[in-house]
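Trainee: May I ask for a close look at a single part of this structure, followed by an account of the surroundings along the chain?

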Amino acid sequence: MAAISFNPRLNVQGGRKNHGVVVEEIAGLIRVYGDGHVERPPIIPSAPCMVTNGVVSKDVAIEKFTNLWTRIYVPSYSSKMPLLVYFHGGGFCVGSASWRCYHEFLAALASKAGCIVLSLNYRLAPENRLPAAYDDGINTLMWVKQEARNGANEHKWWLNQCRFSSLFLAGDSAGANIAYDVAIRSYGISGSSIKPLILKGIILIQPFFGGEERTISEMHATQPANSALSLSVFDTYWRLSLPLGADRDHPWCNPLAEGATTLRELKLPAAMVCISEKDILKDRNLEFCNALASAGKWVETRMYEGVGHAFQILHNSQFSQIRTQEMMSHLKAFIKQ
């Protein structure tokens, strides 16, 4: 996979004079104008659905009103496979299930881990602030539940190969945050609400959590060159995605904040948390893992040395390929256990 570079010059587009002043911007990724207009330059190319290393992929509409859709990956296995619902990263504000980097990563994961992957294209902020992405995640599970019960002919190409008793929710960065919230809603409140689906585990890759009080890694982490997440970018994503007036100690940002439902009260499946050594989120991710363990939850923590945020997607480090293969092996073992 080729490295992906963020070039701020790609953010220069026409139309600025028509929409007033720029009120928020992440160079190369998103620009928000005073009148609410949002621009997202096509910095990362999209990949069409195709057969990749024996993995068939197709885009499927879930809900037309919200334009909710998913890209489904089905590897060539003779036996029924676990189902993994995946949420892409991008600070809740950018990203797509069709981005080439996600297509390549998830096609490889489906093949290596022997699982069917549903990669969700959820609504983005700031046009659709949280909890819109969480709602899309729940609606997707309800859709899968209905399809599993109805067995529609048009979906048999993937439904017939699913082992619905082995459902996993996964995501990276903001997608990991979404996976965690959807798990709480679907598993922690009433696991029976999604039957015949049975949630076996959640996979949180560099989960995008925050808080008003800075951690040491947020302030002092040595960032790899071409890092995908700086502290200023981190803050901007939260300003654009949280409900208006909320701060970073809102429970959707900081699950350990005072006033949030305590982890001991929540019913959660087994969790795997993947952390990058050079990620500004490292300390917060470790704190979250320790809190899970202290609350009596089953958590497997994996640390990837020498790499930063989203290395497995952006391949922006000399160690990215090696660490990505390590991660793939860890994900496979977690899904198969």
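Trainee: In which loop is the place of S173?

Mentor: The model is a predicted one, and the description that follows should be read accordingly. S173 sits in the loop that runs between β9 (162–172) and α4 (174–188). Its backbone deserves attention: S173 is not a glycine, and yet its phi is positive, at about 55°. As for its environment, S173 has a relative accessibility of 6%, and residues under 20% are classed as buried, so S173 counts as buried.

A310 may be read alongside S173. A310 is likewise a residue other than glycine with a positive phi, here near 60°. A310 is located in the loop between β12 (299–304) and α8 (311–314). With a relative accessible area of 8%, A310 is buried.

A positive phi is also found at a glycine: G114, just after α1, has a phi of about 65°. The helix that precedes G114 can be checked for its length. α1 has 14 residues, which at 1.5 Å a residue should span 20 Å, and the C-alpha atoms at its ends are 20 Å apart, so the expectation and the model agree. Among the buried residues of α1 are Y102, F105, L106, L109 and A113.

Next comes the packing of α1. Helix α1 (residues 100–113) packs against helix α9 (residues 320–336) with an axis separation of 9 Å and an angle of about 50°. The two helices, α1 and α9, are therefore oblique to each other. The crossing in which α1 passes α9 is right-handed. On the α1 side the contact is made by F105, A108, L109, K112 and A113, which meet T324, M327, M328, S329, L331, K332, I335 and K336 of α9. Sorted by class, this contact of α1 with α9 contains eight nonpolar, two polar and three charged residues. F105, L109 and A113 thus appear in the contact with α9 and are also listed among the buried residues of α1.

The loop between β8 (116–121) and α2 (132–150) adds backbone features of another kind. P126 lies in this loop, and the peptide bond joining A125 to P126 is cis, with omega about 5°. P131 is found in the loop between β8 and α2 as well. The bond from L130 to P131 is cis, with an omega near 20°.

To return to the residue in question, S173 is a buried residue with a positive phi, placed in the loop between β9 and α4.

Methods:
Residues numbered from 1 in each chain as written. Predicted model: local features only at pLDDT ≥ 70, side-chain atom pairs only at ≥ 80, totals over all residues. Heavy atoms only, no water. Axes fitted to C-alpha atoms, helices over the stretch in contact; angles between N-to-C directions. Helix = DSSP H or I, 4+ residues; strand = E, 2+ residues; numbered from the N terminus. Parallel < 35°, antiparallel > 145°, perpendicular 65-115°, else oblique. Left-handed = near helix turned anticlockwise from the far one by under 90°. Contact = heavy atoms within 4.5 Å. Nonpolar A, V, L, I, M, F, W, Y, C, P; charged D, E, K, R; others polar. Expected span 1.5 Å × (residues − 1). Buried < 20%, exposed > 50% of the residue type's maximum accessible area, 1.4 Å probe, protein only.
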